[in-house]
Amino acid sequence: MTPASLYLATTSWNYNAAGLASKSLVYSPNHTTSIHKFALANGKIEYRGTGEVKGHLGWDQDKKSFRMGEHNGYLNIATSIGDTWRGTSSTSLSVLKEVAGSKKLQAVKVIDGIGLKGEQLYAARFVGDRGYLVTFRVTDPLYVIDLSNQEQPRIAGELRIEGYSDYLHPVSDTLLLGIGKDAIPDKNSSDEGGRRAWYQGVKLSLFDVSNIASPKELDTLILGKRGTQLDVLYDHHALSFLLAVGNEPARLAIPVQLHDTVPSWELFKAGEPSARYDYTHTALYSFEITKLGITQAGRLISEVRKEIPTTTKPAAGVSVLPNSPLIAPIFVDLNDRSVLKDDSVFYIHRGNLLSSKWGVSK
């Protein structure tokens, strides 16, 4: 939705019966997505037209709307093509415009084959006359799309780094923040010549996009080890952000379930990329962002790792780890939220409200 328009996307795909006795179905990876446009004016909704693009908007409900962006009356939409399991996936960018009096949205330009073979679209963001797409399989290619001429969009710049961004957030006209996971390539993998990777800790990447042809990674910050999770990777409402004002830097707050504790079991190998660390704590981490980089400003811990005898019945909301007297929260709800107001931080975790001044850790 934009101030002027509302877009409704519906995806369909073909299927056939693989065996009537078992009533099983085989779904084709050849999806198509229909886009229906409605104009918003004077408190009314008016149907304006429908168009169709190949591919789908991904499986993550929270991220689908970020794959669409309206600019100067044109709709830009990034869709996923092919079959992920067979390594044929790729990304397509389509530009649609309304054809007056026809009730149709016409595709004026399509860019196919974005990303290497088998890469998936992990994140998308459209900001003004720019589009940002992140595909991933081993490294994180950030593509910068020039939309200044909507009839002829083009891939203007590209940057490849380790790990991936699952959510993109504009910090300013020249700075873009990527939030995702660090990753280590799995050189022993037989998949496409070793094109797999092991996710590690949470990664914050600050990109300088002032030069559209040459995006740069200004700074990175890694939180925790393999196993660490973020609510914002599943629901962008978990992120709180304040723009930079005057000499004050931009401010960011995100809930983190940190895994940074070495497991006690004897087969654990700390140097292995597949090594998963135990839960440490849940906290709201706050950061300050400038053109010089990302700095951690504070931390509000809401829940910590506990050690109890295995014979003790676990409390509600926790689970016993196998062969260990250690317990950790069950990672299910992903409902932590926060609010930044002036120099105050408010953090909601499982119905409890914590607060502090900005920059305080406790």
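## Cavity lining, a buried glutamate and a hairpin

Leu284, Ser286, Gly298, Arg299, Leu300, Val345, Ser356, Lys357, Gly359 and Val360 line the largest cavity, where a cavity is a set of points on a 1 Å grid over the protein atoms alone at which a 1.4 Å probe fits but cannot get out, and lining residues have an atom within 4 Å of a point. This is a predicted model, in which local features need pLDDT of at least 70 and side-chain atom pairs count only at pLDDT 80 or more, while totals for chains, interfaces and linings use all residues. Residues are numbered from 1 along each chain as its sequence is written, and side-chain values use heavy atoms, with hydrogens and water left out.

The whole structure holds two cavities of 30 Å³ or more, and the largest encloses about 40 Å³, a volume being the space filled by probe spheres set on the grid points, which are joined across faces, edges and corners. Three strands (DSSP runs of E, at least two residues, numbered from the N terminus) each supply at least two residues of this lining:

| Strand | Residues |
|---|---|
| β21 | 278-290 |
| β22 | 293-304 |
| β28 | 352-357 |

The largest share, three residues, comes from β22.

Strand β22 also contains Glu303, which is buried (under 20% relative accessible area) at 11%. The side chains of Glu303 and His349 are joined by a polar contact of 2.8 Å, that is, a pair of N or O atoms within 3.5 Å, one able to donate a hydrogen and the other to accept it, where residues adjacent in sequence count only if both atoms are side-chain atoms.

Conventions. On a 1 Å grid over the protein atoms alone, a cavity is a set of points where a 1.4 Å probe fits but cannot get out, and a pocket is an open set with protein on both sides within 12 Å along at least five of seven lines; lining residues have an atom within 4 Å of a point. Helices (H or I, at least four residues) and strands (E, at least two) are DSSP runs, numbered from the N terminus. Buried means under 20% relative accessible area, exposed over 50%, partly exposed in between (1.4 Å probe, protein chains only).
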